[in-house]
Amino acid sequence: MAQFSQKIKRIGVYTSGGDAPGMNAAIRAVVRVGIAQNLEVYGIHNGYVGMMENKIYPLQLRDMANIIQRGGTILKTGRSPEFMKPEGRAKAAQHLKENNIDALVCIGGDGSFRGANALWEEHQVPVVGVPGTIDNDIYGSDKTIGFDTAINTALEAIDRIRDTAASHDRLFIVEVMGRNSGFIASHVGLAGGAEEIFTPEGNTSVEKALDRIRDGIARGKTSSILITAEGQKPGRGYDLADAIRKKSGMDAKVSILGHQQRGGSPTAADRILASRMGAAAVDSLLKGFCNIMIGTEGERLVQVPLELVAKNERKSQLDLISLANILAT
Ligand code: ADP
């Protein structure tokens, strides 16, 4: 694990990449724990975009009032292709130096951590990462900030769809977020009683789903719900409905939940996780640890080197899907 020896007086905090509910609770924890430890805390707006554009401003205790319950991120987030190049990172590092920022807390996903890792390796800027993404697909942490809120938002929508599916004896396909990752799909599929769950990691097929639906009908079931992760091309739900129609003549209604899964007030679990992780990030910097991410192992907070986070992928558990299949019979 990387360490640094210089004393820190001023830290910067930023949110980067995809937004997630609970990021504000993490910012609040960084600012308030930082100030309690006699640090000055600066906010960097729009992630690496703001680092490139020198949008770096001091934050005070009162700036954190009334944000713990708000989704999104008050610091705004951003994606910066310029930061992907060494010259871009040199410019960002120069702005940090001009603002006397000694160390950073990066709240974001694995892309943001790859950027943070580069900033440490090329310019020795100490960074600690806090995982914020609704996808839960970050290596080194059982849970990421925003995931619990996203699955509860999706589940609420699925419960509503279930009411109408049952009233009309219908087959519904619900598409949830998850480009490369089936965490949201497998969790809401299990919690929502879905007959079949399609994920980027999984190996089910339209035929298997149809077999399950037909078995259900034979046992007296009159409505079914299939869940699919969006995968690389949002709209996968419509492709599945087409395939089902062609293979069986069955009509399936499609509902794409989309960006509502990113927003909304964070759940208690996400606010608590974000508060603990934000506080632990400041604590780690004060102890001289850097180039790490704060993760969870069960209930415990752990420190994971950013190189490991950047190099590895985290796949969703297929056993949840097998269990959902059994329970939906
Ligand atoms: P997330 O953090 O949610 O995974 P992205 O993958 O979009 O989101 O990454 C956010 C930003 O982090 C990018 O716009 C880019 O500026 C920076 N970034 C991503 N990958 C790298 C990398 N390999 N090297 C340097 N910066 C990176």
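This dialogue walks through strand E6 and the elements around it.

Visitor: What kind of model is this, and how are residues numbered?

Guide: This is a predicted model, in which local features need pLDDT of at least 70, side-chain atom pairs count only at pLDDT 80 or more, and totals for chains, interfaces and linings use all residues. Residues are numbered from 1 along each chain as its sequence is written, and side-chain values use heavy atoms, with hydrogens and water left out.

Visitor: How do I read the names of helices and strands?

Guide: They are DSSP runs, numbered from the N terminus: helices are H or I with at least four residues, strands are E with at least two. Strand E6, for example, covers residues 127-131.

Visitor: Is E6 buried or exposed?

Guide: Buried means under 20% relative accessible area, exposed over 50%, and partly exposed in between (1.4 Å probe, protein chains only). Five of the five residues of E6 are buried, so the strand is largely enclosed by the rest of the structure. Look at both faces. Val127, Gly129 and Pro131 are buried on one side, Val128 and Val130 on the other.

Visitor: Which strands pair with E6?

Guide: Strands of a sheet pair through backbone hydrogen bonds, either parallel or antiparallel. Two strands pair here if DSSP finds at least two bridges between them. Strand E5 (residues 103-108) runs parallel to E6, with five bridges. Find Val105: it stands opposite Val128. Strand E12 (residues 292-297) is also parallel to E6, joined by two bridges. There, Gly129 has Met293 as its bridge partner.

Visitor: What is the strand order of the sheet?

Guide: The order is E4-E3-E2-E5-E6-E12-E13, an open sheet of seven strands with mixed pairing. Strands E4 (56-59) and E13 (300-305) are the edges, each pairing on one side only. E12 and E13 supply an antiparallel pair, over six bridges. In that pair, Ile294 stands opposite Gln303.

Visitor: What unit do E5, helix H4 and E6 make?

Guide: A crossover is right-handed if, with the strands pointing away from the viewer, the path from the first strand over the helix to the second runs clockwise. E5, H4 (residues 110-123) and E6 make a right-handed β-α-β unit.

Visitor: How does the length of H4 compare with its expected span?

Guide: The expected span is 1.5 Å times one less than the number of residues. H4 has 14 residues and should span 20 Å; its end C-alpha atoms are 20 Å apart, which agrees. Its buried residues include Phe113, Leu119 and Trp120. Just after H4, Gln124 takes a positive phi of about 55 degrees.
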